[in-house]
Each structure stands twice: as structure tokens, then as C-alpha cells.
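Hi,

Here is the structure you asked about. Please open it first, then read my notes below.

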Amino acid sequence: MRILVTGGAGFIGSAYVRLVLDERPEDEIVVLDKLTYAGRRENLDEVADRIDFLEGAIEDRDAVRGAMAGCQAVVNFAAESHVDRSIADADAFARTHLIGTSVLLEAAREHRVSRYLQVSTDEVYGSIASGSFIEESPLNPSSPYSATKAAGDLLASAHFHTYGTQALICRGSNNYGPRQYPEKLIPLCVLNALAGDPLPVYGDGRQVRNWLYVEDFARAIDLVLREGVAGEVYNVGGPDEEENLTVIRRILELTGRDESLIEHVPDRLGHDRRYSLSSGKVRALGWEPLTHFAEGLERTVSWYRDNEPWWEPIRSGEYRAYYERQYGRALAS
Ligand code: NAD
Ligand code: TYD
């Protein structure tokens, strides 16, 4: 199978590309990626000579048509992925998630691709105080990020119903692991702890996230692409739910730092309190998460400790300006 992977230079997309090439060497991969601040060619270094890499945006019809030619499947990871950036400015989110997804789906129809998988998020359901969301739960997104992701999901469903496009949707919970851009809670806190910078906790830090190791999500996506029923949604939740403060304390332990680095900062606007997914449907296809949070976090911290050449250019580039805007203070180092 020749698969178009959009957003393949990002955190989860690059893990997916590595997984497919490892487990299905007969498959061919084309990556289409705009290389935004979050997209990095280095994420694909290990497999550079085994893929076709095209730099381009999913909202660019010609780039998409060229990239999709000869492909039987499409997996759409391309996204603006950070909630805080969507609160500051949502334009790029609307462009990529609405227009980009629409362009991809139109091209998938034209090229009659056999499978189209839309990678989505638990955040489209909004916050849940107790229990877990199932695939039939109503969409109730709270941030511009999740609202525009929900729009992408609805477009994929509409193409299934209207044109019979073999579209599927995978909604994952919070991912973590190697190569995640350090704007997200875990890599941000790991790098700050390693550098001795404060760890910013939004509000009371008692918000709960359902943590999913990136390789477990990549395996679920591949299974749903190949075995899922077209037109269906599959929730993919991690095995553990943790409060943010618990995650932060564990990072401090693993980096040998003490709690004096914890700094409570003003809460995120519209902050969702808790996410939780029920994953019975994808488990019925044969998936289960292999990495528990304690082990995955240890592996993640070790990876960042051992891979300074990956993150040093980020911490010394545009990220410094982002950090100052977002946290109202400079990184100390
Ligand atoms: P990321 O920010 O690390 O990577 C996104 C990639 O998409 C980058 O390589 C970027 O250059 C590329 N991109 C952005 N806009 C593009 C455009 N218009 N055209 C082409 N490429 C573009 O994000 P991630 O964490 O790897 O997330 C991947 C997908 O998984 C997203 O769809 C996200 O919504 C979804 N998701 C993420 C999480 C999570 O916890 N990170 C959880 C569930 C679902
Ligand atoms: P994040 O990694 O941005 O993922 P999401 O918003 O998609 O869940 O944030 C995870 C949780 O950590 C969320 O409750 C917000 C919180 N958080 C902080 O407390 N401080 C931070 O600096 C960041 C980035 C997030």
C-alpha cells in the first residue's frame, strides 16, 4: 500500500511513519508537511531514504493532488496542535483544520483512495467530570483548537455519507513521548527541570489528562486504518489518568529537582478540567496500550536528557519569543 501521511514531520506523524516502515516494509510512504515551527525534517532522519518527502500545505490543492497521486490511503496528522496558541490566534487552526481537511477529502474523492483516516482528539468532546466519553458522546469542544478539529471530523463524516469516501476517525487522548515540541506540558516541564527553570502550573494543577504513549497511539491508528469500519469513529485512550501536579512532581523526581521549581501561573482561558476516553471499540479490533505512564515518562525523560541536539535549537530559537509571550517571562538559560 502507498500511504500519504500528512504532518509526518511532527511528533505523532513521524512516530507513525517509523512504525509502518518497521512493521510493513512492503508499504510505501509519502509525507506531505508544511514544516511549521512544529514540523522538523530531523524527526524523519532515520527513514529519510525510505520515504518520499514533500514540503507543502494540505490547504494547497496542487500540492495535495501531486502528493496523493498513486496513493491508496491517506492518514491526516497535519494540524496546529497547541491549545494555548489557538487561544492567542486561531487563524492558522481554521485554515489547516477546516480548509486543509476539505482539500484533502476532495482530493481523496478525486483519486478514489481506498482509506482516509482523520487523526483527531478527545478534546472534541470537551471536559467530563466523571466517567469516560464514548464514540457517540456529543461533540462539545471548548477551545479554538478543539472546535476546528471537530469541524475536520464532521467534514470527514460528511464525505463518507455524501460520497461514500472510506473515511475513518481516530480520537486520541493526550500523547507524550520522544520528539514532542516543548510547548506541551510534559516536554516543557522536562526541559525546564533539566535547565533549572520554573515549571509553570496553570491554576490549581488538579486538571486530569488521560496519558497515551505516542507509539501506542501510532499502533492504534495503523490498526484502524487497516481493520476499522469506514464511516466509524474510534476512541484511543491511554491506560492512565493523572492530575497535572502529579505529572510535574514525577518529572521533578526523575530529573533530581525539588518542588521549589513549581510555580503556579494564571489559568488557561476556558481550561478543560478533565479528559477521559473509553476505548472499548478499538480494543475490540485487538489494540491495547503497551506502555504505562510511569514507564513511558521515564523513557521520555531519558530521551530528552540524551538528545540535546534535537531540542537545543528549539530552545534557542522562535520558542524563546513564544515562551515570553505565553508565560510573561524569559527562560533563564
Ligand atoms: P505536531 O504539532 O507535533 O505536528 C503537526 C505537524 O503538522 C507538523 O509537522 C507541521 O509542520 C504539520 N502541519 C501543520 N500545519 C500543516 C499544514 N497546513 N499542511 C501540512 N502540514 C502541516 O502535532 P502532533 O502532536 O504530532 O499531532 C498530530 C495530530 O494528532 C494532530 O492532528 C493532532 O490534532 C492529533 N492529536 C494530538 C494529540 C497530542 O497529544 N499531541 C492527541 C490526540 C490527537
Ligand atoms: P497540554 O500539554 O497543552 O495539552 P492539552 O491542553 O491538549 O491537554 O496541557 C496538558 C495539561 O497541562 C493541561 O491541563 C494544561 C496544563 N499545562 C500547565 O499547567 N502548564 C503549562 O505550561 C502547559 C503547557 C500546560
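**Around ligand 1**

Three elements each give at least two residues to the shell around ligand 1: α1 (11-23), β5 (115-121) and α5 (144-163). Keep in mind that this is a predicted model. Which element supplies the largest share of that shell? It is β5, with 3 residues.

The shell is mixed in character. It divides into 12 nonpolar, 14 polar and 4 charged residues. There are 30 residues around ligand 1 in total. Those that come nearest are Asp33, Glu59, Ser81, Tyr145 and Lys149.

**Polar contacts**

Look at Tyr145 again. One of its polar side-chain atoms lies 2.7 Å from an oxygen atom of ligand 1. The backbone takes part too. A polar backbone atom of Lys34 is 3.1 Å from a nitrogen atom of ligand 1. For Leu35, a polar backbone atom is 3.4 Å from an oxygen atom of the ligand.

How much of ligand 1 does the protein cover? On its own, the ligand has 840 Å² of accessible area, and the protein covers 97% of that.

**Two helices**

Now find α5 again, one of the elements that supply the shell. Its partner here is helix α4, residues 91-110. The axes of the two helices come within 8 Å. They cross at roughly 15°. Angles under 35 degrees count as roughly parallel, so α4 and α5 are roughly parallel to each other. The crossing of α4 past α5 is right-handed.

Best wishes

How values were computed:
Residues are numbered from 1 along each chain as its sequence is written. Chains are lettered from A and ligands numbered from 1 in the order in which they are written. This is a predicted model: local features need pLDDT of at least 70, side-chain atom pairs count only at pLDDT 80 or more; totals for chains, interfaces and linings use all residues. Side-chain values use heavy atoms; hydrogens and water are left out. A residue is near a molecule or strand if one of its heavy atoms lies within 4 Å of it. A polar contact is a pair of N or O atoms within 3.5 Å; within protein, one must be able to donate a hydrogen and the other to accept it, and residues adjacent in sequence count only if both atoms are side-chain atoms. Accessible areas come from the Shrake-Rupley method with a 1.4 Å probe; for residues, only the protein chains shown count as cover. Helices (H or I, at least four residues) and strands (E, at least two) are DSSP runs, numbered from the N terminus. Ala, Val, Leu, Ile, Met, Phe, Trp, Tyr, Cys and Pro count as nonpolar, Asp, Glu, Lys and Arg as charged, and the others, Gly among them, as polar. Axes are lines fitted to C-alpha atoms, for helices over the stretch in contact, and angles run from 0 to 180 degrees between N-to-C directions. Angles under 35 degrees count as roughly parallel, over 145 as roughly antiparallel, 65 to 115 as roughly perpendicular and the rest as oblique. A crossing is left-handed if the near helix is turned anticlockwise from the far one by less than a right angle, and right-handed if clockwise.
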